[in-house]
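Trainee: Could you take me closely through one part of this model, the surface where the protein meets the DNA, and explain what lies there?

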Number of protein chains: 2
Amino acid sequence: MSKSLLELTPVQAVACCSPVTREPLSADAAERIAPLVKAIADPVRLRLLSLVASHADGEACVCDLNDAFELSQPTISHHLKLLHDAGLLDRDKRGVWVYYRVNATALGDLATLLGGVTA
Amino acid sequence: MSKSLLELTPVQAVACCSPVTREPLSADAAERIAPLVKAIADPVRLRLLSLVASHADGEACVCDLNDAFELSQPTISHHLKLLHDAGLLDRDKRGVWVYYRVNATALGDLATLLGGVTA
DNA sequence: CGTCGATATTGACAGATCTCGATGTTTGGG
DNA sequence: CCCAAACATCGAGATCTGTCAATATCGACG
């Protein structure tokens, strides 16, 4: 992997912030938050997230996910990587198969950040 | 405006849906939700939203917003249009000035949709 | 070992997005 | 009227993104 181990995933960089509606976001904070939002700003990734989240046992095998779309395997792999890099999906390789599961904390933080209402 | 009056803004098309984590999102629903998320998937637009939301009286004049960025006036105008088209910002023209205010319901719906946790 | 099946990575291309300068539109004032 | 100021729209250029085919990697199993 080309990414430094010292780097934070977008979601880690965001967990600290108060809701967007409370006080003006600094340019710096906005630059850190945007990638996280971008990660879910795509119909395929929204469905992937949703599929994994609502799957039995809370996890889904890539093979299942591939079958749910009329897209090539590399394309699904690409989207999963983006979600994983953002910290929204955790990955678990067991044998030849790879299972993804939602990082609920990450999603929750993001929702709180946006909502402001949701305490 | 080139947009039909019968069309829904992204946020209107989304308000009906249950959280992403509850059940698999249909391809159709995902296509409707994604534009709304895209609308806030940019650092400038996140800051604009935040600036408007946290502004005194809950509204901000474009002139104030322009001054908060080192970007050209057309660029800010472009981003405000995207947020407005998504249904996240309401617009109110008074004389020569234009005031934007956050559509709290829209933001709340979006947060709920993502969080699932937040009831 | 050699092969096969499951994922990931790479390289390339089309289309979307962000930004700007130039220009248009609307409103209030002189 | 005509101008100036506030904001929007247009057109263009550079960069980013989604997708695929081809290929690499990695683990299981004869």
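Mentor: Before we begin, a polar contact here is a pair of N or O atoms within 3.5 Å, and the model we are reading is a predicted one. With that cut-off in hand, we can start at DNA strand D, where a phosphate oxygen lies 3.3 Å from an N or O atom in the side chain of A:Asp42. On this strand a phosphate oxygen is also 2.7 Å from an N or O atom in the side chain of B:Arg91, while a polar backbone atom of B:Val98 is 3.1 Å from a phosphate oxygen of DNA strand D. The elements that give two or more residues to this surface are helix 5 of chain A, together with helix 4 (62-67), helix 5 and strand 3 (97-102) of chain B. Among these, helix 5 of chain A provides the largest share, with five residues.

Taken as a whole, DNA strand D is surrounded by 25 residues, and the closest are A:Thr75, A:His79, B:Gln73, B:Arg91 and B:Val96. By class, the surface near DNA strand D holds twelve nonpolar, seven polar and six charged residues. If we turn to the DNA side, 76% of the atoms of DNA strand D within 4 Å of the protein belong to sugar or phosphate, and the rest belong to bases.

DNA strand C can be read in the same order, beginning with its individual contacts. A polar side-chain atom of A:Gln73 lies 2.8 Å from a base nitrogen of DNA strand C, whereas the side chain of A:Ser77 places an N or O atom 3.0 Å from a phosphate oxygen of that strand. A polar backbone atom of A:Val98 is 3.5 Å from a phosphate oxygen of DNA strand C. Here the elements that give two or more residues are helix 4 (62-67), helix 5 (73-85) and strand 3 (97-102) of chain A, joined by helix 5 (73-85) of chain B. Helix 5 of chain B gives the most to the surface near DNA strand C, with five residues.

Around DNA strand C there are again 25 residues, and the closest are A:Gln73, A:Arg91, A:Val96, B:Thr75 and B:His79. The residues of this surface divide into twelve nonpolar, seven polar and six charged. Of the atoms of DNA strand C within 4 Å of the protein, 71% are sugar or phosphate atoms, with the rest belonging to bases.

Definitions and conventions:
Residues are numbered from 1 along each chain as its sequence is written. Chains are lettered from A and ligands numbered from 1 in the order in which they are written. This is a predicted model: local features need pLDDT of at least 70, side-chain atom pairs count only at pLDDT 80 or more; totals for chains, interfaces and linings use all residues. Side-chain values use heavy atoms; hydrogens and water are left out. A residue is near a molecule or strand if one of its heavy atoms lies within 4 Å of it. A polar contact is a pair of N or O atoms within 3.5 Å; within protein, one must be able to donate a hydrogen and the other to accept it, and residues adjacent in sequence count only if both atoms are side-chain atoms. Helices (H or I, at least four residues) and strands (E, at least two) are DSSP runs, numbered from the N terminus. Ala, Val, Leu, Ile, Met, Phe, Trp, Tyr, Cys and Pro count as nonpolar, Asp, Glu, Lys and Arg as charged, and the others, Gly among them, as polar.
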